[in-house]
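Here is a friendly walk through one model, meant to be read with the viewer open. Please take a moment to turn the chain around before reading on.

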Amino acid sequence: MILRSLFAGAALASAVFSPSAPAQMPMNGHDHPHAPAATATAAPDSVNAEVRAIDLPRRRITLRHEAHAGMPPMTMSFALAAGLAVPPGLKAGERVQVTLQDIDGTQTVTRLTR
Ligand SMILES: [Cu+2]
């Protein structure tokens with residue numbers, strides 16, 4: 001019985017110092033630099049804006065957008081990208097997140113979510 005306990009203790013000790021413990025330390029350190037990078041790659045394209053006017057027949061929208069692509073916060077008109085589905089009932093005064101792109105010289109909303 002005493003000998004078995006000693007073996008059990010030795011097995012526990014070797015488990016504590018097994019290579020898997022040190023291997024997890026670099027993994028934790030590795031995850032941290034990548035988490036902010038993942039959000040940073042998604043952030044530049046997504047801009048907060050407020051709808052000022054919307055003209056669905058002409059596929060135009062006027063937005064007050066936050067600072068974006070060297071522009072200070074401002075109100076300006078955009079084209080709605082072909083095929084872009086506008087949330088039903090979207091109206092002036094609503095806050096949205098948009099992706100803004102210059103398409104052939106036309107400032108265009110290519111993504112819009114509430
Ligand atoms: Cu602008």
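Which residues make up the largest nonpolar core? That core has 11 residues: Val47, Ala49, Val51, Ile61, Leu63, Phe78, Val96, Val98, Leu100, Val109 and Leu112. A nonpolar core here is a set of buried Ala, Val, Leu, Ile, Met, Phe, Trp, Tyr and Cys residues joined through C-beta atoms within 7 Å. A residue counts as buried if 20 or more other C-beta atoms lie within 10 Å of its own, as exposed if 12 or fewer do, and as partly exposed in between, with C-beta atoms placed from the backbone. At least two residues of this core come from each of β1, β2, β4 and β5 (106–113). In soluble globular proteins, nonpolar side chains tend to be buried together.

A word on ground rules. Residues are numbered from 1 along each chain as its sequence is written. The model is predicted, and local features need pLDDT of at least 70, side-chain atom pairs count only at pLDDT 80 or more, while totals for chains, interfaces and linings use all residues.

**Confidence**

The predictor's confidence in each residue, pLDDT, runs from 0 to 100. Its average over the chain is 78, and 61% of the residues score at least 70. Helix α2 (residues 20–42) has the lowest confidence in the chain, with a mean of 47, whereas β2 has the highest, at 98. Over residues 31–44 pLDDT stays under 50, and the model has zero contacts beyond four places in sequence for them. Two residues are in contact when their C-beta atoms, placed from the backbone, lie within 7 Å.

**Overall layout**

The chain holds two helices and five strands, in the order α-α-β-β-β-β-β from the N terminus on. Helices (H or I, at least four residues) and strands (E, at least two) are DSSP runs, numbered from the N terminus. Of the 114 residues in the chain, 11% are buried. Among contacts between residues at least 6 apart in sequence, 46% join residues at least 24 apart.

**The barrel**

The five strands form a closed barrel that runs β1-β2-β3-β5-β4, with mixed pairing. From one strand to the next, the twist averages 55 degrees; axes are lines fitted to C-alpha atoms, for helices over the stretch in contact, and angles run from 0 to 180 degrees between N-to-C directions. Two strands pair if DSSP finds at least two bridges between them.

Strand β1 (residues 46–55) pairs in the antiparallel sense with β4 (residues 95–103) over five bridges, and Ser46 has Thr99 of β4 as its bridge partner. With β2 (residues 60–65), β1 also pairs in the antiparallel sense, over six bridges. Across that pairing, Val51 stands opposite Leu63 and Ala53 stands opposite Thr62. β1 and β2 form a hairpin with four residues between them.

**Four residues to visit**

| Residue | Place | C-beta neighbours within 10 Å |
|---|---|---|
| His65 | strand β2 | 23 neighbours, buried |
| Arg52 | strand β1 | 16 neighbours, partly exposed |
| Arg59 | loop between β1 and β2 | 16 neighbours, partly exposed |
| Asp104 | loop between β4 and β5 | 5 neighbours, exposed |

Why does His65 count as buried? His65 is classed that way because it has 23 C-beta neighbours inside 10 Å. Not counting residues up to four places away in sequence, His65 touches Val47, Ala49, Pro73, Met74 and Leu100. The C-alpha atoms of His65 and Ala49 are separated by 4.2 Å, although the two are 16 residues apart along the chain. Val47 has its own set of such contacts, namely His65, Glu66, His68, Gln97, Val98 and Leu100, again leaving out residues up to four places away.

Arg52 reaches further along the sequence: Arg52 and Ala92 are 40 residues apart, yet 4.7 Å apart in space, C-alpha to C-alpha. Besides Ala92, Arg52 touches Thr62, Leu63, Arg64 and Thr75, with residues up to four places away not counted.

The two loop residues are worth a look for their backbones. Arg59, in the hairpin turn, has a positive phi of about 55 degrees although it is not a glycine. Asp104, likewise a residue other than glycine, has a positive phi near 50 degrees.
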